[in-house]
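Here are some notes for your first look at this model. Please keep the structure open and find each residue as it comes up.

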Amino acid sequence: LGLARIEARFATLWGGTALGESRLLLWSAAPNIVKDFPVWGTGYGTCQYVDPLYRSTAEVADLTIDHLHNDHLELLVESGVAGLLLTWFTLGLVFWLGFRAVRSRRETSGLALGALFSISTLVLHGFGDFLISVPAIALLATVLCARICIAGSKRRKDADPSAGKEIVDQGRYELQFHGFAPLLGAAMLMTLG
């Protein structure tokens, strides 16, 4: 703590050493890993074990890799192009539904805009650090994405003046499996875990 340490830290931004010393060195082996495992990657959680195999002995002696400090690059290494594209497609769907929720002009559109801003911040910050590996952040991001998707997927018709409330579109398909969807989801998580 203290102003001197904060000033010294921010001085690395102007000197050009903030990115050059740490992040680029961490990212240097990733292209070679992706070249050897392009489609499916090395497997989730394996980056810290695979990365030292692609470095020289001198680099490994001075460097301990736990994460690449870039969520997108780490996802590309661990899940390949297939996992990265699937993740970006899912994020695109979340943003599309979020914009629908904001445009709906309902009383919750301001909350949807705030949630979209939060998810955007998380996605952009992921290019320079690892966040989604932290369980609390992953849980919060999952809940926010779910709420955004729910708010954006609800289609409401014009208000019914005689009933005094909105008519909900019943033509929407919901994946329920007669109450077994949560059990199937839990079984899938246990299998993947």
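1. Start with the side chain of S79, where a polar atom lies 2.7 Å from the backbone oxygen of L75. This is a predicted model, so read the distance as a computed value. S79 sits in helix α6. Because its relative accessible area is 5%, below the 20% cut-off, S79 counts as buried. Leaving out neighbours within four places in sequence, its contacts are V39, W40, G41, Y44 and L84.

2. H72 is also found in helix α6. Which backbone oxygen does the side chain of H72 reach? The partner is the backbone oxygen of V123, at 3.0 Å. H72 is buried, because its relative accessibility is 11%. Beyond the residues within four places in sequence, H72 touches L84, W88, V123, G126 and F127. L84 is thus listed for H72 and also for S79.

3. Now look just ahead of that helix. H69 lies in the loop between α5 (57–62) and α6. Its phi is near 55°, a positive value in a residue that is not glycine. Most residues other than glycine have a negative phi. H69 counts as buried because its relative accessibility is 17%, and the limit for that word is under 20%.

4. Which residues of the largest nonpolar core touch the most other members? They are L68, L73 and V77, in a core of 15 residues. The elements that each supply two or more residues to this core are α2 (17–27), α3 (30–36), α4 (47–50) and α6 (71–103). Helix α6 gives the largest share, 5 residues. Another core lies apart from this one and has 12 residues, including L91, F95, V123 and A141.

5. Take L68 by itself. If residues up to four places away in sequence are not counted, L68 touches L26, W27, A30, C47, D51, L73, E74 and V77. Two of the names in that list, L73 and V77, are those grouped with L68 in the point above.

6. How many disulfides are there? The count is 0. C145 is in no disulfide, and the nearest cysteine sulfur, that of C149, is 6.4 Å away. That distance does not qualify because the two sulfur atoms would have to be within 2.5 Å. C145 is buried, with a relative accessible area of 17%. C47, one of the contacts of L68, is buried because its relative accessibility is 1%.

7. Is helix α9 well covered or hardly covered? It is hardly covered: among its 12 residues, the count of buried ones is 0. Helix α9 runs over residues 181–192 and spans 16 Å from its first C-alpha to its last. That is close to the 16 Å expected at 1.5 Å a residue.

8. Last, the whole chain. The protein chain has 9 helices and 2 strands, and in sequence order they follow the pattern α-α-α-α-α-α-α-α-β-β-α. Of its 193 residues, 27% are buried. Among contacts with a separation of 6 or more, 61% join residues 24 or more positions apart. The accessible surface comes to about 13600 Å², and carbon and sulfur atoms account for 68% of that area.

Definitions and conventions. Residues are numbered from 1 along each chain as its sequence is written. This is a predicted model: local features need pLDDT of at least 70, side-chain atom pairs count only at pLDDT 80 or more; totals for chains, interfaces and linings use all residues. Side-chain values use heavy atoms; hydrogens and water are left out. Buried means under 20% relative accessible area, exposed over 50%, partly exposed in between (1.4 Å probe, protein chains only). A nonpolar core is a set of buried Ala, Val, Leu, Ile, Met, Phe, Trp, Tyr and Cys residues joined through side-chain atoms within 4.5 Å. Helices (H or I, at least four residues) and strands (E, at least two) are DSSP runs, numbered from the N terminus. Contact means heavy atoms within 4.5 Å. A polar contact is a pair of N or O atoms within 3.5 Å; within protein, one must be able to donate a hydrogen and the other to accept it, and residues adjacent in sequence count only if both atoms are side-chain atoms. Accessible areas come from the Shrake-Rupley method with a 1.4 Å probe; for residues, only the protein chains shown count as cover. The expected span of a helix is 1.5 Å times one less than its number of residues.
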